[in-house]
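Please open the structure in a viewer and keep the selection tool at hand. The tour moves from the whole chain to single residues.

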Amino acid sequence: MTIYLVRHATAGTRQGFRGADLARPLDDFGKSQAAAISAALKDERIERVLSSRATRCIDTVAPLAHALGLEVEITDDLTEGAAIDAVTALLLQLGSTSAALCSHGDVIPATIRQLMLDGMRITGSRQCEKGAIWRLDLRGNDIVTGSYLGLPRSLTANS
């Protein structure tokens, strides 16, 4: 099984948005990142798409869910400030289901660190840029490898 952890795309700044931070939408570049994420993952065998309740996360994976004919499932376990134990439990609860999950810059690095402490091997970088993707490979109930895929190639080719 494979799980893709996606950090939400760019959404401007907290200070520049009036309203609840959970409602902050993607900016124009973030929308292009969401399209690139969809293009990069739409041919993978993804069966579920889960997201933080933040609008910027939902909108990051909505194009992917649409391309796959799936709904975005909202979970507090991926929302900013989530308990890492809850995140790792969610990953393992997915069982044999391949999925894409969208979360935040505090949750993903902390989850990766915890998984490393639990024995996951890392290949490549340990970054977590906005709009970037991590691939987690599971064998049974163990997350055995984490690979930082970074930004989708269509974005890195244009930057």
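The stops below begin with the overall fold and then turn to one helix and two residues.

**The whole chain**

Begin with the chain as a cartoon, bearing in mind that this is a predicted model. The cartoon contains 5 helices and 7 strands. Followed from the N terminus, the elements run β-α-β-α-β-α-β-α-β-β-β-α. The radius of gyration is 14 Å, close to the 15 Å that the globule rule gives for 159 residues, so the chain is as compact as a globular protein of that length. Along the principal axes, the C-alpha trace spans about 45 × 30 × 30 Å.

Next, display the surface. The chain exposes about 7800 Å², of which carbon and sulfur atoms supply 47%. Buried residues account for 47% of the 159 residues. Of the contacts between residues at least 6 apart in sequence, 62% join residues at least 24 apart. If the charged side chains are coloured, 17 positive and 18 negative charges appear, and the mean positions of the two sets are 5 Å apart.

**Helix H4**

Select residues 107-117, which form helix H4. Which residues of this helix are buried? They are Val-107, Ile-108, Ala-110, Thr-111, Ile-112 and Leu-115. An α-helix has 3.6 residues a turn, so residues three or four places apart point the same way. Show the surroundings of these buried residues: they pack against strands E1 (2-7), E4 (99-103), E5, E6 and E7 (142-150), and against helix H3 (84-93). Beyond the helix, select Gly-119, which follows H4 and has a positive phi, near 110 degrees.

**Thr-60**

Move now to helix H2 (residues 55-68) and select Thr-60 within it. Its relative accessibility is 0%, and because buried means under 20%, Thr-60 counts as buried. A polar atom of the Thr-60 side chain lies 2.6 Å from the backbone oxygen of Arg-56. Leaving aside neighbours within four places in sequence, the contacts of Thr-60 include Val-6, Arg-7, His-8, Ala-9 and Cys-102; Leu-26, Ala-34 and Ile-37 are also among them.

**Ala-132**

For the last stop, select Ala-132, in the loop between strand E5 (121-123) and strand E6 (133-139). Is this residue buried or exposed? Ala-132 is buried, with a relative accessible area of 3%. Now add Val-6 to the selection: the two residues are 126 apart in sequence, yet their C-alpha atoms are 5.8 Å apart in space. Not counting residues up to four places away in sequence, Ala-132 touches Leu-5, Val-6, Arg-7, Tyr-148, Gly-150 and Leu-151.

Conventions
Residues are numbered from 1 along each chain as its sequence is written. This is a predicted model: local features need pLDDT of at least 70, side-chain atom pairs count only at pLDDT 80 or more; totals for chains, interfaces and linings use all residues. Side-chain values use heavy atoms; hydrogens and water are left out. Helices (H or I, at least four residues) and strands (E, at least two) are DSSP runs, numbered from the N terminus. Buried means under 20% relative accessible area, exposed over 50%, partly exposed in between (1.4 Å probe, protein chains only). Contact means heavy atoms within 4.5 Å. The radius of gyration is taken over C-alpha atoms; the globule rule is 2.2 Å times the number of residues to the power 0.38. Accessible areas come from the Shrake-Rupley method with a 1.4 Å probe; for residues, only the protein chains shown count as cover. Lys and Arg count as positive and Asp and Glu as negative; His and the chain ends are not counted. The place of a charge is taken as NZ of Lys, CZ of Arg, CG of Asp or CD of Glu. A polar contact is a pair of N or O atoms within 3.5 Å; within protein, one must be able to donate a hydrogen and the other to accept it, and residues adjacent in sequence count only if both atoms are side-chain atoms.
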